[in-house]
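Colleague: I am new to this structure and would like to go through it by question and answer. Could you show it to me before we start?

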Amino acid sequence: MTEDARIVRLADYRPPAWRIVRTELAFDLDLDDTVVAARLELTPGESYAPGAPLRLDGEELALLDIAVDGQPLPPARYALDGESLTVHGLVGPCVLETRARIHPARNTRLEGLYASRGLLITQCEAEGFRRITWFLDRPDVMSAWRVTLRADRARFPVLLANGNPVERGTLDDGRHYAVWENPHATPCYLFALVAGRLEGIHRDLVTAEGRAVRLAVWAAPEDIGRCGFALDAIERALRWDEQRFGRTYDLDVFNIVAVQDFTMGAMENKGLNIFNARYILADPDTATDADYLAVESVIGHEYFHNWSGNRVTLRDWFQLALKEGLTVFRDQEFTADLHSRAVKRIEDVRLLRGRQFAEDAGALAHPVRPVQYREINNFYTLTVYEKGAEIVRMLHTLLGEETFRAGMDRYFADNDGRAATVEDFLAAHAAVSGRDLAQFARWYAQAGTPQLRIDDEYDAMRGRYTLRIRQHTPPTPGQPDKQALLIPLRFALYGPDGEPVAAAAEGDAVVRDDLIELTADVHEIHFDGLPAKPLPAFNQGFAAPVRLDYAYTPAQLGRLARIERDAFNRWEALQRLATGVMLRTFADPRAAQAALSDALGDLLDDDAADPAFVAECLALPDFDTLADQVPQIDVDALLAAREELLDLLAEDHADRLERRYHALADLAAGGLDGPAMAARTLRNACLGWLARLDPHEALAQRQFDTATVMTDRLGALRCLVRFDAPGKDAALAAFRERYRHDPLVTDKWLTLVAARPQPEAVEDVRALLASDWWTPTNPNRVRAILGSFARMNPVAFHRADGAGYALLAAQLPGLDAINPQVAARLLGSFESWQRLAGPRRALAHDTLRGLDGKLTSRDCADLLARLLA
Ligand code: PHE
Ligand code: ZN
């Protein structure tokens, strides 16, 4: 394997030997050649040893000059290699100046300074700044920044960097310059610049603290008309953070920029967030309702990082979840407060259970705070982000909103301007709550999804109801033995009248109102004075990210779906019912199916229920969620069981589905308000069911032909493609031509083609890869074609002859040479190969082994080694 053996360990953390208290950069920008002049004010740090050399990170930089305290440095005083610049003989505070040449247009990794459609863009998290200049590229080195950008005015009329604009002017030869100052102590991974032909829209407001701020959104001229929603969303995020967390904005400007070539979703650079265009651009003709909500949520996420990530940053990359888990929790709450809390929770749990649980059960499982890495880019995972957010949510549940808020205030106050750790975060919450959070901290250290097994017993003579709750976390790679976690288990007991019963609890766990705090492997809890055996409901709101095993009967689940006060759990009861039917785990399968069908029928009849919630209930567990429930993944059996049940239910409820579909038409014709969006969601869900039934394909065709917004157009097209309707090809072609010049919408039809649940999708994808639509340097395009194929198309990806695996694998070496992070994500689609049943396991294994030696990046080499370990 061509991978270096570098392993970075949390246990080896040492504070920096040097600090860079102030950084001045001057860029002479151009697409092919850019010159970066850096002036670093250095002072000795905590672990400074007199006489020890200074080692700065730097990659793919050509050194032009180097000087210390104004004197050119003789070659004997420094050494350069492909990864670093080492300077000898520095004593005490000094100023190091370097000039380097770099080549943005050749940078296909999209880390450091790169070109995208004539724009110059930076991306520095996690370790990209070292591709711009030599620096101590670690988050605990925080600097004040002054940045000068110089460029040709015609080609780069807009020049943006972090912080506040302080000066601009004209230079010779048609060039101009701009100077930006960021006074806040900021690590280099938050550095950013953007230069090019951009248009902007802006809005001025005054923060709760009285600071005048200009919010601005920048995009290519052809896209600027689709930025209004994003600008509104920034304002909503800013106000929400003031109100819910008491956090105010701290610069005179807040800029966000939309770019088409971007590896991730977006980046929280101080005062200059850079976004994948898909999370900014939105109008009704090109964006679905889900896209709008995603734009708002990602804008919120990046904005909220200004406190959780920027003002309080990370000591080291092992603490990644400290900013990401916390900020995901904050963006989830933002969406929940602005829209439907129940629907938001359902969607987050769907992602968690469908994808993060699989990660936690597969070859790539790792703790929310890993203890070692070879490549930090491989830890921007669902575990760090989503499970990281679940941990914060549990803390919120344990402490309650008021104490949690006090803990957050304490955390921000104590760590402002510092590089913090998970321990600092927990210490703040421990201090305000008086609680010992030592056991709770295990959530950060222990990988794997805990399993709760609950048995109960009712003693009619004594009126005593007993719960016995066991927790168990299965072994994960490198962690054979697990310890008991502190798990907040919400619960309710329902009486025969469907009302919650209040009964005093007694036992070996702390029980407060509706919350049991599990701390041991086994707990026993009694409730006395119950005249009848209650119906228990557990884990309301999915307060704990655990698997829960309690032997509900279909009748009990059908009842819970109606009486449970917690909306999430009503949805959950239906999911359980459907899962049990599909996996054939109920003793009486007919009764189970009938219970499910009845419950869905009642929901469809309930015109008073939130249509968005009804739509969530109609979306029965997907393939990933089912696969997560079984020890061995029998792809064909899971897919067949799912289709069989959906077909039967569609038959059962054809009339109801049709009635709702038509009845919601008027409401669905509205704009972007909640009721209209909810109506469109349910309507399109109904259409998805109806399109299974032969004559109803015409309905999808009609919706496609008459749609006025993308939600309805794409919803209809999805049905036509999904069920191979006669008009499928014509509709796809019409859609393709209509949006031929829009890369983001083009990605949507490519996704439909690549995710079409037919084995022939392998050939369709192969054809796309040979077409002009395939632009492997654009991450969105790679994801639309190959990401959708590998992650959203189990039928074709897991094709029995292994052609799906082979197709993906064949692309990986080439993609790895272009953009290792994108290639590594695709490689991660094999994370569950060890659980595949039948010949697929060997096929996948052989495919992975065949890649050995062909993937040269550290990203892919690390992942492949872990997949094959
Ligand atoms: N920090 C970004 C976020 O908000 C994600 C990201 C990571 C972007 C690495 C680019 C590179 O979640
Ligand atoms: Zn983030």
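Colleague: At what angle do the axes of helix α8 and helix α9 cross?
Modeller: This is a predicted model. Helix α8 covers residues 554-563 and helix α9 covers residues 567-583. Their axes come within 8 Å, and the crossing angle is roughly 150°.

Colleague: Is α8 roughly parallel or roughly antiparallel to α9?
Modeller: The axes cross at roughly 150°. Angles over 145 degrees count as roughly antiparallel. Therefore α8 is, with respect to α9, roughly antiparallel.

Colleague: How many nonpolar residues are there in the contact of α8 with α9?
Modeller: On the α8 side the contact has P554, L557, G558, L560 and A561, which meet N569, R570, A573, L574, R576 and L577 of α9. Two residues of this contact are polar and two are charged. The number of nonpolar residues is seven.

Colleague: Is α4 oblique or roughly parallel to α9?
Modeller: Helix α4, residues 341-361, has an axis that comes within 9 Å of that of α9, and the two cross at roughly 45°. Angles under 35 degrees count as roughly parallel, and 65 to 115 as roughly perpendicular. The angle here falls in neither range, so α4 is, relative to α9, oblique.

Colleague: Which residues of α9 does α4 meet?
Modeller: The crossing of α4 with α9 is right-handed. The contact has five nonpolar residues, no polar residue and one charged residue. From α4 come A342, R345 and I346, and they meet, in α9, A567, F568 and W571.

Colleague: Is the crossing of α17 and α18 left-handed or right-handed?
Modeller: Helix α17 (residues 710-722) and helix α18 (residues 728-738) pack with their axes 9 Å apart, at an angle of about 140°. That angle makes α17 oblique to α18. The crossing is left-handed.

Colleague: How many charged residues are in the contact of α17 with α18?
Modeller: L717, L720 and V721 of α17 make this contact with K728, A731, L732 and F735 of α18. Six of the contact residues are nonpolar and none is polar. The number of charged residues is one.

Colleague: Which strand and which helix each supply at least two residues of the shell around ligand 1?
Modeller: The residues around ligand 1 are Q123, E125, A126, M264, A266, M267, E268, H301, E302, H305, E324 and Y380. By class they are five nonpolar, three polar and four charged. At least two residues each come from β20 (266-267) and α2 (289-304).

Colleague: What kind of peptide bond joins E125 and A126?
Modeller: E125 and A126 are both among the residues around ligand 1. A126 lies in the loop between β11 (119-123) and β12 (142-152). Most peptide bonds are trans. With omega at about 0°, the bond joining E125 and A126 is cis.

Colleague: What is the phi of D69?
Modeller: D69 sits in the loop between β5 (62-68) and β6 (71-72). Most residues other than glycine have a negative phi. D69 is not a glycine, yet its phi is positive, at about 50°.

Colleague: How much of the chain is strand over residues 448-550?
Modeller: An unreviewed UniProt entry gives these residues as "domain: Peptidase M1 alanyl aminopeptidase Ig-like fold". The end C-alpha atoms of the span are 20 Å apart. Helix accounts for 0% and strand for 48%.

How values were computed: Residues numbered from 1 in each chain as written. Chains lettered and ligands numbered in written order. Predicted model: local features only at pLDDT ≥ 70, side-chain atom pairs only at ≥ 80, totals over all residues. Axes fitted to C-alpha atoms, helices over the stretch in contact; angles between N-to-C directions. Helix = DSSP H or I, 4+ residues; strand = E, 2+ residues; numbered from the N terminus. Left-handed = near helix turned anticlockwise from the far one by under 90°. Contact = placed C-beta atoms within 7 Å. Nonpolar A, V, L, I, M, F, W, Y, C, P; charged D, E, K, R; others polar. UniProt positions renumbered as here; feature names shortened; annotations may be inferred. Near = placed C-beta within 6 Å.
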